Amino acid sequence: MTNQSHPLDAPADPFAVAQTAAADIVRLTGVDTHDIAVTLGSGWGPAADLIGETVATIPATEVTGFSKPALEGHVGTLRSVRTPDGRHVLVIGARTHYYEGHGVRRVVHSVRTAAAAGAKTMVLTNGAGGITDTWSAGQPVLISDHINLTADSPLEGATFIDLTDLYSSRLRGIAREVDPSLDEGVYCQFRGPHYETPAEVQMAKSIGGHIVGMSTALEAIAARQAGMEVLGFSLITNLAAGISPSPLSHEEVIEAGQEAEGRISRLLADVIGRIR
Ligand code: 8IG
């Protein structure tokens with residue numbers, strides 16, 4: 001940690017910072033506009049190479065407002081990838097988590113930058129815990145809706161944004177054309193970085209949750225505010241605390257991701273290839 005000032009510290013306008021970041025991306029990639037953006041969470045990394053041909057790879061730290069990745073093994077790059085039919089996908093491998101404590105502006109900066117770069121679709125992926133007891137580690141599921149338990153919001157001031165159909169049923173339909181067996185569930189975002197207690201998992205279950213995670217809800221709200229259509233995928237890397245009899249370990253989470261990543265990344269790339 002340093003006490004240097006950051007471009008997203010108040011009172012800067014976060015949308016102006018996103019515009020600057022988007023201009024950095026144009027300059028560094030040579031791509032004037034991106035059509036789709038995708039954030040790759042744990043387990044989804046190999047999708048970048050399957051979506052198409054990489055036009056440019058940029059360290060996230062060269063783009064205005066992006067932070068260094070908190071986790072060893074997180075990619076920390078932005079890539080411009082060209083699909084076989086000539087669309088441009090901005091692949092975000094540098095997520096800032098809410099639990100890092102830099103505030104929600106920095107959490108959603110990548111999403112706002114993607115919108116400023118032209119993206120009309122935001123695909124959010126993550127590794128998460130499963131509450132539904134018929135799911136198993138290594139299974140990808142669609143996010144159908146969310147419950148934001150962070151008690152925070154990316155919206156500032158009296159900004160009222162409708163979140164009906166936030167996780168687009170149209171895009172979920174496209175995902176199911178690729179894999180009709182995809183199940184879906186409600187994503188509960190906790191602040192983290194601790195995993196839930198079994199009692200908190202039971203609470204999430206009783207209020208209608210199926211997935212527990214630490215990232216996607218705040219990003220999805222910002223994407224909707226920016227006018228993007230949102231698609232969300234969770235890789236269930238572990239059953240949530242108390243659902244499985246064994247305790248959670250970060251190693252287990254990494255292993256489940258590695259075991260599933262080839263399969264789910266192919267799925268993600270195929271879905272992105274079909275989005276219109
Ligand atoms: I990977 O069990 C992963 N991320 N909140 N709970 C929460 N986040 C997670 C979990 C989990 N597994």
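Visitor: Is A151 buried or exposed?
Guide: This is a predicted model, in which local features need pLDDT of at least 70, side-chain atom pairs count only at pLDDT 80 or more, and totals for chains, interfaces and linings use all residues. Residues are numbered from 1 along each chain as its sequence is written, and side-chain values rest on heavy atoms, leaving out hydrogens and water. A residue is buried under 20% relative accessible area, exposed over 50% and partly exposed in between, using a 1.4 Å probe and protein chains only. With a relative accessibility of 82%, A151 counts as exposed.

Visitor: Where is the place of A151?
Guide: Helices (H or I, at least four residues) and strands (E, at least two) are DSSP runs, numbered from the N terminus. By this numbering, A151 has its place in the loop between β6 (139-148) and α4 (169-178).

Visitor: What is the phi of A151?
Guide: Most residues other than glycine have a negative phi. A151 is not a glycine, yet its phi is positive, at about 60°.

Visitor: What value is the phi of D165 near?
Guide: D165 is found in the loop between β6 and α4 and is partly exposed, with a relative accessibility of 40%. This residue other than glycine has a positive phi, near 55°.

Visitor: Which residues are joined with D165 into one network by salt bridges?
Guide: A salt bridge is a side-chain nitrogen of Lys or Arg within 4 Å of a carboxyl oxygen of Asp or Glu, and the count by this rule is 12. One of these pairs joins E219 to R95, at 2.8 Å from N to O. E219 in helix α6 (residues 216-225) and R95 in the loop between β4 (88-92) and α3 (104-116) are 124 residues apart, and both are buried. Elsewhere, salt bridges that share partners join D165 into one network with R172, R176 and E184.

Visitor: Which residue forms a salt bridge with R27?
Guide: R27 is exposed, at 57% relative accessible area, while its partner is buried, at 9%. The two are three residues apart in helix α1 (residues 14-29), separated by about one helical turn. Their closest N and O atoms are 3.0 Å apart, and the partner is D24.

Visitor: How many residues apart in sequence are the parts that D49 and R79 tie together?
Guide: The side chains of D49 and R79 meet in a salt bridge of 2.9 Å, N to O. D49 is exposed, at 53% relative accessibility, whereas R79 is buried, at 18%. Because D49 lies in helix α2 and R79 in strand β3 (residues 77-82), the distance along the sequence is 30 residues.

Visitor: Why do the rings of W44 and F233 count as they do, and what is the pair called?
Guide: Rings of Phe, Tyr and Trp (its six-membered ring) pair if their centres lie within 6.5 Å; planes under 30 degrees apart are stacked, over 60 edge-to-face and the rest tilted. W44 lies in the loop between β1 (36-39) and α2 (47-51), and F233 in strand β9 (residues 229-239), 189 residues apart; both are buried. The ring centres are 5.4 Å apart and the planes stand at 40°, so the pair is tilted.

Visitor: Which strand gives the most residues to the shell around the ligand?
Guide: A residue belongs here if one of its heavy atoms lies within 4 Å of the molecule; among those around the ligand are G127, Y195, M214 and L248. β5 (121-130), β8 (211-213) and β9 each supply at least two residues of this shell. With three residues, the strand that gives the most is β5.

Visitor: How far is a nitrogen atom of the ligand from an N or O atom in the side chain of E196?
Guide: A nitrogen atom of the ligand is 3.4 Å from a polar backbone atom of G129, and a polar side-chain atom of N238 lies 2.7 Å from a ligand nitrogen. For the side chain of E196, the distance from an N or O atom to a nitrogen atom of the ligand is 2.4 Å.

Visitor: Which peptide bond is cis?
Guide: Most peptide bonds are trans. P193, in the loop between β7 (183-189) and α5 (198-206), takes part in a bond with omega near 0°. The cis bond runs from G192 to P193.

Methods
A polar contact is a pair of N or O atoms within 3.5 Å; within protein, one must be able to donate a hydrogen and the other to accept it, and residues adjacent in sequence count only if both atoms are side-chain atoms.
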